[in-house]
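User: I am learning how structural labels get assigned. Can we go through some of them, asking each time what earns the label?

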Amino acid sequence: MGSMRFVASRLAALLFTVLAGTFVVFMVMKAAPGDPAIAVLGESARPELVAAFRQKNNLDAPVLIQYGRWLAGAATGSFGSSLTLASGRPIGPLIASRLPNTLFIGVFALVMAITISLIAGIVAALHRGKLADTLATSLAVLGISMPDFWLSYVLILTLALGLGAFPSYGFTSPAESFAGALYSGFLPALAVSAPLAAVFSRTLRTSLLEVAHKEHVVAARSFGFHPVYVFMNWIFRNALIPYITIIGLQVRYILGGVVVIERIFGVAGVGSLMVDAAFARDYPVVQACAVLFLAIVLSVNLSVDLICTAFDPRRRR
């Protein structure tokens, strides 16, 4: 019963956050300079044509009414049609055609970051104060200090243009070729994952060292259990809670990084679509992309809360 109450309260908070987020994005886009009607019809368009375009696309109504009409459509799953970027095309299929590319890059980067951080964090914690710990910690500091866009150009210069090991631009959709997506998406995913791996590994190292000195771990060692058994059952499992939490919190960084990385590497994803729509003053497309990103972040955070609750040692008594 308590778990159901917890999930219900988090879902209610999620819904409120989505509403607040969509309202903020809508108002920011409306406050930005530019007019979709002028962007489509041109600077020399006759006033009556501009007025007709605005009336047709609900741009002449008060801002709050515009938002209310958009929200009513979004509640039924309809995000309207593109105004300028893909004039008249429904937004749902437009995003659906690009979403697999964004999800692939994001998941690929997350898997790389988790894999690297697990190895680096565990090695650093087990060899505290030694050369391995110094190297892992130094690389983590270096990774945190590198912006993903700067790292992207370094990877292009060295691995793509220098060695010719990977393409410098363009992306093969996983729907066309999964192997091609892995190959063409390696550099974009690496650019996103490197700073994440640094954050994750430092968090895991700190958590492992903290748990390793807890009284229950000392007691387990006193019983003569094998060090590997003690590490896996009393140290590593209990150290996962802050590690998983930081992964959930960094999902927003992944999405933010994907928006930039997609532009640099020429990935036709939702992030690049959102940027193009913002420059083209295509309010409905930007709004739909923002809702999608917000829903992903909040859903992941909810999942992380549930996972951390399952790992909480107080619930395993």
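User: Why is Arg 263 called partly exposed?

Analyst: This is a predicted model, and its values are computed. Arg 263 has a relative accessible area of 42%. Partly exposed covers the range between under 20%, which is buried, and over 50%, which is exposed. The value falls in that range, so Arg 263 is partly exposed.

User: What makes Arg 263 and Asp 276 a salt bridge?

Analyst: Their closest N and O atoms are 2.3 Å apart. The cut-off is within 4 Å, so the pair qualifies. Side chains of opposite charge can pair when their charged atoms come close.

User: Where do the two partners sit, and how is Asp 276 classed?

Analyst: Arg 263 is in helix H13 (residues 251–265), and Asp 276 is in helix H14 (residues 270–279). They are 13 residues apart, and the pair links distant parts of the chain. Asp 276 has a relative accessible area of 26%, so it counts as partly exposed.

User: How many salt bridges are there in the whole structure?

Analyst: A search finds three. Another one joins Arg 205 to Asp 133, with the closest N and O atoms 2.8 Å apart. That pair also links distant parts of the chain: Arg 205 is in helix H10, Asp 133 is in helix H7 (residues 131–145), and 72 residues separate them.

User: Is Asp 133 buried or exposed, and how do you know?

Analyst: Its relative accessibility is 5%. Buried means under 20%, so Asp 133 is buried.

User: What makes Glu 48 and Arg 46 a salt bridge, and how are they classed?

Analyst: The closest N and O atoms of Glu 48 and Arg 46 are 2.7 Å apart. That is within 4 Å, so the label fits. Glu 48 has 46% relative accessibility, so it counts as partly exposed. Arg 46, at 48%, counts as partly exposed too.

User: Why is H8 called oblique to H13?

Analyst: The axes of helix H8 (residues 148–162) and H13 come within 10 Å and cross at roughly 40 degrees. Roughly parallel needs an angle under 35 degrees, and roughly perpendicular needs 65 to 115. The angle fits neither range, and it is not over 145, so H8 is oblique to H13. The crossing is right-handed.

User: Which residues meet there?

Analyst: From H8 come Asp 148, Phe 149, Ser 152, Tyr 153 and Ile 156. From H13 come Tyr 253, Gly 257, Val 260, Ile 261, Ile 264 and Phe 265. By class, this contact has eight nonpolar, two polar and one charged.

User: What makes H10 oblique to H12?

Analyst: The axes of H10 and helix H12 (residues 227–249) come within 8 Å and cross at roughly 140 degrees. Roughly antiparallel needs over 145, and roughly perpendicular stops at 115, so this crossing counts as oblique. It is right-handed. By class, the contact has 15 nonpolar, three polar and no charged residues.

User: Why is Pro 188 called buried?

Analyst: Pro 188 has 1% relative accessibility. The cut-off is under 20%, so it is buried. Pro 188 is found in helix H10 (residues 186–212). Leaving aside neighbours within four places in sequence, it is in contact with Ile 105, Ile 261 and Phe 265. Pro 188 and Phe 265 are 77 residues apart in sequence, and their C-alpha atoms are 6.7 Å apart in space.

Terms used. Residues are numbered from 1 along each chain as its sequence is written. This is a predicted model: local features need pLDDT of at least 70, side-chain atom pairs count only at pLDDT 80 or more; totals for chains, interfaces and linings use all residues. Side-chain values use heavy atoms; hydrogens and water are left out. Helices (H or I, at least four residues) and strands (E, at least two) are DSSP runs, numbered from the N terminus. Buried means under 20% relative accessible area, exposed over 50%, partly exposed in between (1.4 Å probe, protein chains only). Contact means heavy atoms within 4.5 Å. Axes are lines fitted to C-alpha atoms, for helices over the stretch in contact, and angles run from 0 to 180 degrees between N-to-C directions. A crossing is left-handed if the near helix is turned anticlockwise from the far one by less than a right angle, and right-handed if clockwise. Ala, Val, Leu, Ile, Met, Phe, Trp, Tyr, Cys and Pro count as nonpolar, Asp, Glu, Lys and Arg as charged, and the others, Gly among them, as polar. A salt bridge is a side-chain nitrogen of Lys or Arg within 4 Å of a carboxyl oxygen of Asp or Glu.
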